[in-house]
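Trainee: I'd like to learn how to read a structure like this one. Can you walk me through it, starting with how helices pack?

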Amino acid sequence: MTKLTIEPVKDRAEHNAYFPSDYSLSIYTSPVTNFDGFKFDKSYSGGKYKVLMIATDERYLQMANNKYFSTGNHPVETLLPMLHINGAGFEIDIATLSGNSVKLEMWAMPEKDERVMNFYNKYLNKFENPLKLDTILDQVTAEDSPYLGVFIPGGHGALINLPESKEVKNVLKWALNNDKKIITLCHGPAALLAGAIDEKEFLFKGYEMTVFPDSIDEGANQEIGYMPGKLKWLLAEKLESLGVKILNEAISGQVHIDRNLITGDSPLAANNLGIVVADELLKQVK
């Protein structure tokens, strides 16, 4: 039996870029998810309300050693919450900053999970042809906005561009000011950092969140070759410096609600997050 290597795997499409090692993928990914059906009693059938998903259109994250991690949005962290949201009766619009296609970590796609893969194929056209965020801002933030909230999936790709986006900040500020849900998990809360742009006080100062632990990015993700180097900055550390309380030190599938912000700690939280979010959205339309 061939021993799996812990060396990151060269991405042949880009200079100095790497996928996770074969060993790390053997312990971090699965061909199926823990999705076991919807948990709400009755779905929404009004057809008016929907959710905006802001995804990453960037794949290559530069490490502190100048190597690039070939990343994107994590498919389980993206698709499981979407599956529950859509199952509860809400259409999902997908947007990226550029309008270019969503980048997914295809090496983590649960390809033997028929329910999830059918849903992915249902939304494939939207993944490939997303809306451009700045062109829909007026519609999103309008007084009669059809959006109940915004979902920002995880994956290390969320660390690229979203934290510096004024358009993302405008969506977050609209959500906070208009009783809308903000839903994110794992590294997705990096987008919340946009709430510090040109603000006297961070929009999420004093909030409690669950996020992917810095200790794993600094430790296990280096030791088993998941990433080709250390990150230039650490998510939990950055959020804490702005006045956020991080609740988790490990990953267990923990989900937390603080006001209208719903967060999860890792891919392990994706299904739990979807269940919680579906319930919260359905409460909004009752």
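Mentor: Sure. The axes we'll talk about are lines fitted to C-alpha atoms, for helices over the stretch in contact, and angles between them run from 0 to 180 degrees. Keep in mind that this is a predicted model.

Trainee: What describes two packed helices?

Mentor: You use the angle between their axes and the distance between the axes. Take helix H4 (residues 133-140) and helix H5 (residues 166-177): their axes come within 10 Å and cross at roughly 20 degrees. H4 and H5 are therefore roughly parallel to each other, since angles under 35 degrees count that way.

Trainee: Which residues of H4 and H5 make the contact?

Mentor: H4 brings Leu133, Asp134, Leu137 and Val140, and H5 answers with Glu167, Val168, Asn170, Val171 and Trp174. Sorted by class, that contact of H4 with H5 has 6 nonpolar, 1 polar and 2 charged residues.

Trainee: And is the crossing of H4 and H5 left-handed or right-handed?

Mentor: H4 passes H5 in a left-handed crossing. Now look at helix H2 (residues 75-87) and helix H9 (residues 270-285), where the crossing is right-handed.

Trainee: How do the axes of H2 and H9 cross?

Mentor: They come within 8 Å and cross at roughly 30 degrees. That makes H2 roughly parallel to H9. On the H2 side the contact uses Val76, Glu77, Leu80, Pro81, His84 and Ile85, while H9 offers Ala270, Asn271, Leu273, Gly274, Ile275, Val277, Ala278 and Leu281. Those residues split into 10 nonpolar, 3 polar and 1 charged.

Trainee: What about H2 and H3, are they roughly parallel or roughly perpendicular?

Mentor: The axes of H2 and H3 come within 10 Å and cross at roughly 90 degrees. That makes H2 roughly perpendicular to H3. Here H2 uses Thr78, Leu79, Leu80, Met82, Leu83 and Asn86, and H3 uses Arg115, Val116, Phe119, Tyr120, Lys122, Tyr123 and Phe127. By class you get 9 nonpolar, 2 polar and 2 charged residues in the contact of H2 with H3.

Trainee: Okay, on to sheets. What is the order of the 7 strands in the open sheet?

Mentor: Read it across as E7-E6-E3-E8-E9-E13-E12, with mixed pairing. At the edges sit strand E7 (131-132) and strand E12 (255-258), each pairing on one side only.

Trainee: How many bridges join E3 to E6, and how do the two strands run?

Mentor: There are 5 bridges between strand E3 (residues 50-54) and strand E6 (residues 91-96), and the two run parallel. For a concrete spot, find Lys50: its bridge partner in E6 is Glu91. Then look for helix H3 (residues 114-128), which lies across E3 and E6 and runs at about 30 degrees to E6.

Trainee: What is the order in the open sheet of 4 strands?

Mentor: That one goes E1-E2-E5-E4, again an open sheet with mixed pairing. Strand E1 (9-10) and strand E4 (60-62) are its edge strands. E4 and strand E5 (residues 68-70) run antiparallel and are joined by 3 bridges. You can spot Tyr60 there, with Ser70 as its bridge partner in E5.

Trainee: Last one: what describes a pair of aromatic rings?

Mentor: The distance of the centres and the angle of the planes. A search of the whole structure finds 12 aromatic pairs. In one of them, the rings of Tyr28 and Tyr226 have centres 5.1 Å apart and planes at 70 degrees, so the pair is edge-to-face.

Trainee: Where do Tyr28 and Tyr226 lie?

Mentor: Tyr28 is in helix H1 (residues 22-28), and Tyr226 is in the loop between helix H7 (220-223) and helix H8 (235-241), so the pair ties together parts that are 198 residues apart in sequence.

Notes: Residues are numbered from 1 along each chain as its sequence is written. This is a predicted model: local features need pLDDT of at least 70, side-chain atom pairs count only at pLDDT 80 or more; totals for chains, interfaces and linings use all residues. Side-chain values use heavy atoms; hydrogens and water are left out. Two strands pair if DSSP finds at least two bridges between them. Angles under 35 degrees count as roughly parallel, over 145 as roughly antiparallel, 65 to 115 as roughly perpendicular and the rest as oblique. A crossing is left-handed if the near helix is turned anticlockwise from the far one by less than a right angle, and right-handed if clockwise. Contact means heavy atoms within 4.5 Å. Ala, Val, Leu, Ile, Met, Phe, Trp, Tyr, Cys and Pro count as nonpolar, Asp, Glu, Lys and Arg as charged, and the others, Gly among them, as polar. Rings of Phe, Tyr and Trp (its six-membered ring) pair if their centres lie within 6.5 Å; planes under 30 degrees apart count as stacked, over 60 as edge-to-face and the rest as tilted.
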